[in-house]
Every structure is written in structure tokens, then in C-alpha cells.
Amino acid sequence: MNNRRNFLSGAGAITGAIAAATVSKVAMAALPEPIFQGKPDTMPPLAPSTGRPYNPVVTLNGWTLPWRMNNGVKEFHLVAEPVVREMAPGFKANLWGYNGQSPGPTIEVVEGDRVRIFVTNKLPEHTSIHWHGQRLPNGMDGVTGLNQPGIQPGKTFVYEFVARRPGTFMYHPHADEMVQMAMGMMGFWVTHPKAEHPLIEKVDRDFVFLLNAYDVEPGSATPKIMTMLDFNLWSWNSRIFPGIDSLNVRQNDKVRIRFGNLTMTNHPMHLHGHEFLVTGTDGGPTPKTSRQYEVTTDVAVGQMRQIEFLADEEGDWAFHCHKSHHTMNAMGHDVPTMIGVDHKDVVKQVTKLVPDYMVMGERGMADMGEMEMPLPDNTARMMSGEGPFGSVEMGGMFSVLKVRKDQKRGDYSNPGWFKHPQGTVAYEFNGTSAEPPRARDAGSAAMPAQNMPAKNIEVQVRKPAAKGHAGH
């Protein structure tokens, strides 16, 4: 009984030397109750009911993990386990995550908090958690074999440290990392400042999400874990458009968005209609003298970026990765370019054998966004999502910032599509345009060509066969 009481009171503070110790059966009965969430919706901010106050964040298509206070220590309970994540309506994936979701819940603390995290492993193999970007005792850093033994299936480990600096961080395994990260094991961590900070301003809305990627073949549900470059699903918080919720704000709100990159490539994040400042990185808030207005910021692998802007333009503004392949779903990289190829005669022959055969890419790929093409079960359409003017023709890392003057303060609900004032939408021109003037006295080439072929020849260039996308 005395051992149990000492464990609960924290009288003997857990140090790095025992971070890798499993919790006894007696102590297990007194663990913080694990909280689980299975819905893919964006949950409201979790206002702190105990501990020091702070302005909570909103996790896009996610939630914040509750805690309990135990003699001044903020205690959390993470459960590593297989989960089923709805990545978009009608498409689910078998992933690994924490407390019912991938990514796991966001952890919010305040600078100076002593934090104790219980980690229970319900995976079929050992795991660990690395607290990405944190200053902490070496034995709490979560690298199996280097700082601790792995957490075996069915065991619970304890991590404890002080949140020493404010900023935005992540957590993920450093155990069989290639498999566990490819399966979706990661989460967000926010440490709020304990007092007014000269480099951290107060904001009205504070959003967070992680950038992650998967390789899930059409018709299947489990990611391929050996993929290095050729991913086909680019996601925010393990959601793909149109499954990514919009970011709903009030006009003239000061908005902060924090995003961390745990994919295997960089992502130029681009916001329409507004300019923003990059106010924070993994290292903490950026000096004010280094800040400049941008509309796109690149976030490299393993990095975090924090942007801030004044949402002063009403409307539905696109927010997305500017790598065009990253705003597509389940695309096949081996599809040849068929633009301009007239193959109607071939189609007639093929449809005699395959009645459902469809021409793809003859005029570009926009038609794919509107086709009701039969797909294997549990497959996301390449381009999907209906807007007020038709198909949005996007997927993957894409969402919408919705700015409304009548959005209530603290209301994160979707206000619907923007109602444009009369005369502010691009329209079709029905008149006639004059032939533009063109220069007619251009001279001949400086060096005339010689020995040219008698007729035009279309050059066919074929790259050497290669695996993957080195350019991603």
C-alpha cells in the first residue's frame, strides 16, 4: 500500500534512470483513465479545468487529450494500438495510432509544467515515444536501444519531464520507426507560454495539424510499409480532401496555424487571399526582425512551421500544399500521358471485349473529377469534392479557410458556402475580341538551320525506367 501511495503522490519523482521501468500491477490500477476518440471530426478546444490557464488550440480533424493533476504533476495516458481511420467519407484505412486515432491526440501543457505520460502498448510489437524537439533528460528521449529498452506488448512505461520551453512539438516512435511511422504513429504537442512572451502574441484562433503520407493501393485498407518515395495519399492528420475539415474563422480574427511535417518530402504550404508571417519553428518563436510576409512557406521533413495572419478578407480561400501531385488522391504514377491522342478507333475495339472501358486523359485529367467511374471497394476518388460551382478537382493536402463576418467568436462550426456579393464572381464574356496587333517585320533567324528533315517528326523521349519519384 505504501508503494502504491508513493507512486501516486509522486513523492519519489520519476527520473530518466527509471523512465524505462514498467509499472507494477498494483500501480496499474491507479493509472490515469485512458480517453479514446474514434470520430474523425474536428473537436472543440479543450479549455483547461486544472493547472495554469492558457488559450487552447484546435486540432484539425482531431482532439486534445485530457489529463489529471496529481500533486502538481500533469498526468496523461497514451495507448499505442491498431486503429481504423476514416481518411475520407467512404474510405477507411487500417493504421496504428494512439487512443483510437491516427494521429494521436494533441497534448497541451504550459511552460514549466511537470508532465508525466503513461504509455501502454497494445501493438503486436515493441514501441517507444520520442518527444520531438523537447529539452528533457536523456533517458526520456525515447530512442530504443540508445535511451531505453522497447515497450513490449502489454507493458506500460512512464515518461516524466518538465516542459522547459514554449513552442510547437511532435511525438512519434523511435522503435521500428519505418513501420510504425508508415502506419500512422504520431501526434502533436503544444507548450503554451506561462506568461506574456515578447515573441508570442495572443491570437483568436489557433489551429494545429500534422502532414503525413501513406501508400494504400486502391481496393485495400492497409498501408505498404516499405514505400520510400512513391506515396499515393498525401494527408493532413491522416485525412484527405474532401475529408479534411475547413478552418472556420471570424473576419478580422488573428489566426495562428501550426503544422508539422512527418512525411518523407518537403511541402510548400500556400494560403490564398492573405499574407502571413512565419512566427515559429521547431526551435521556438522566430525573431521579429527575421519575419517577412509570405503566401507560401516550405516545411521540410521533420520540421514545424507556425504562421500567423489577420483574416480580414471574407470568402472561401484555398489552403493547400503547392506540389500539384500532393493535391490528388490514389493516383497511379505509371499512367501514360494521352493528351491529344485520338484513340476512338481503339476504344471501339476494346469495348467489344471490355464493355465498361473508359477513355482516360485524352483532354487532360479534369474529367476524372466528374466521372462516376466504378472503383474498387474502399478507394478514394483521385479528385473529389463538390463546391458551389461544381467539382473542386482537388484531393490530398487541400482544405478551405472560411472567413465570415457573422461567425460568432469561438464558433468553429462550418458556415456553409460563401455568398458572393453581386458582381464579384468571374463570368463568361460573350462579346467578340479584336485580333491583337502582331509585329510583321521580324527578321530571320541569326543562324539558319541546315540539313533539317523533309517533314516534321514528333520526337518520343523515354526516360530510363526507375522506381519511385525522386522529385517528390
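**Entry 1: the second largest pocket**

I started with the second largest pocket, which is lined by 27 residues. His192, Pro193, Ile200, Glu201 and Lys202 lie nearest its centre. I am working from a predicted model, so every value here is computed. The volume of this pocket comes to about 450 Å³.

I then looked up which elements build the lining. Those that give two or more residues are β9 (167–172), β10, β14 (253–261), β16 (276–281), β17 (284–285) and β20 (304–311). Strand β16 gives the most, with three residues. Sorted by class, I found nine nonpolar, eleven polar and seven charged residues in the lining.

**Entry 2: Glu201 and its partner**

Glu201 caught my eye in the pocket list, so I followed its side chain. Glu201 meets Lys288 in a salt bridge, at 3.9 Å from N to O. The two come from distant parts of the chain, 87 residues apart. Glu201 sits in the loop between β10 and β11, and Lys288 in the loop between β17 and β18 (293–294). I checked exposure as well: Glu201 is partly exposed because its relative accessibility is 35%, and Lys288 is also partly exposed, at 45%.

**Entry 3: more salt bridges**

How many salt bridges does the structure hold? I noted 20. A reminder to myself: side chains of opposite charge can pair when their charged atoms come close.

Asp113 pairs with Arg52, with the closest N and O atoms 3.0 Å apart. This pair also links distant parts of the chain, 61 residues apart. Asp113 is in the loop between β5 (107–110) and β6 (114–121), while Arg52 is in the loop between α2 (25–28) and β1 (58–59). Is Asp113 buried or exposed? Asp113 counts as buried because its relative accessibility is 9%, under the 20% cut-off. Arg52 is partly exposed, with a relative accessible area of 33%.

Next I took Asp253 and Arg205, whose side chains meet at 2.8 Å, N to O. Asp253 lies in strand β14 and Arg205 in strand β11, so this bridge ties together parts that are 48 residues apart in sequence. Both residues are buried.

Following shared partners, I came to one network of salt bridges that joins Glu201, Asp206, Lys254, Arg256, Arg258, Lys288 and Glu308. The Glu201 and Lys288 pair from my earlier entry belongs to this network.

**Entry 4: the cavity**

I turned to closed spaces. A search of the whole structure finds one cavity of 30 Å³ or more. The largest cavity has a volume of about 60 Å³. Of the 14 residues that line this cavity, Thr59, Pro103, Gly104, Thr106 and Asn237 are the closest to its centre. The elements that give two or more residues to the lining are β10 (187–192) and β11 (205–214). What classes do the lining residues fall into? I found six nonpolar, eight polar and no charged residues.

**Entry 5: backbone oddities**

Two names on the cavity list, Pro103 and Asn237, turned up again when I went through the backbone. For context, most residues other than glycine have a negative phi, and most peptide bonds are trans.

The peptide bond from Ser102 to Pro103 is cis, with omega near -5°. Pro103 is in the loop between β4 (91–98) and β5. While at Ser102, I looked up Glu86 too: the two are 16 residues apart in sequence and 9.7 Å apart in space, C-alpha to C-alpha. Glu86 lies in strand β3 (residues 73–88) and is partly exposed, at 25% relative accessible area.

The bond from Phe241 to Pro242 is cis as well, with omega near 15°. Pro242 is in the loop between β12 and β13 (247–250).

Asn237 lies in the loop between β12 and β13 too, and its phi is near 50°, a positive value in a residue other than glycine. Asn237 is buried, with a relative accessible area of 4%. Asn61 also has a positive phi, of about 55°. I placed Asn61 in the loop between β1 and β2 (68–70), where it counts as buried because its relative accessibility is 1%.

**Entry 6: a surface patch**

Last, I looked at the outside. Which residues make the nonpolar surface patch of about 310 Å²? They are Met228, Leu229 and Met264. Met228 is in the loop between β11 and β12 (233–236). Met228 is exposed because its relative accessible area is 63%, over the 50% cut-off.

Conventions. Residues numbered from 1 in each chain as written. Predicted model: local features only at pLDDT ≥ 70, side-chain atom pairs only at ≥ 80, totals over all residues. Heavy atoms only, no water. 1 Å grid on protein atoms, 1.4 Å probe; cavity = no way out; pocket = protein on both sides within 12 Å on 5 of 7 lines; lining within 4 Å. Points joined across faces, edges and corners; volume = space filled by probe spheres on them. Helix = DSSP H or I, 4+ residues; strand = E, 2+ residues; numbered from the N terminus. Nonpolar A, V, L, I, M, F, W, Y, C, P; charged D, E, K, R; others polar. Patch = residues over 30% accessible without salt bridge, like charges linked within 9 Å, V, L, I, M, F, W, Y side chains within 5 Å. Areas by Shrake-Rupley, 256 points an atom, 1.4 Å probe, with all protein chains shown as cover. Salt bridge = Lys/Arg side-chain N within 4 Å of Asp/Glu carboxyl O. Buried < 20%, exposed > 50% of the residue type's maximum accessible area, 1.4 Å probe, protein only.
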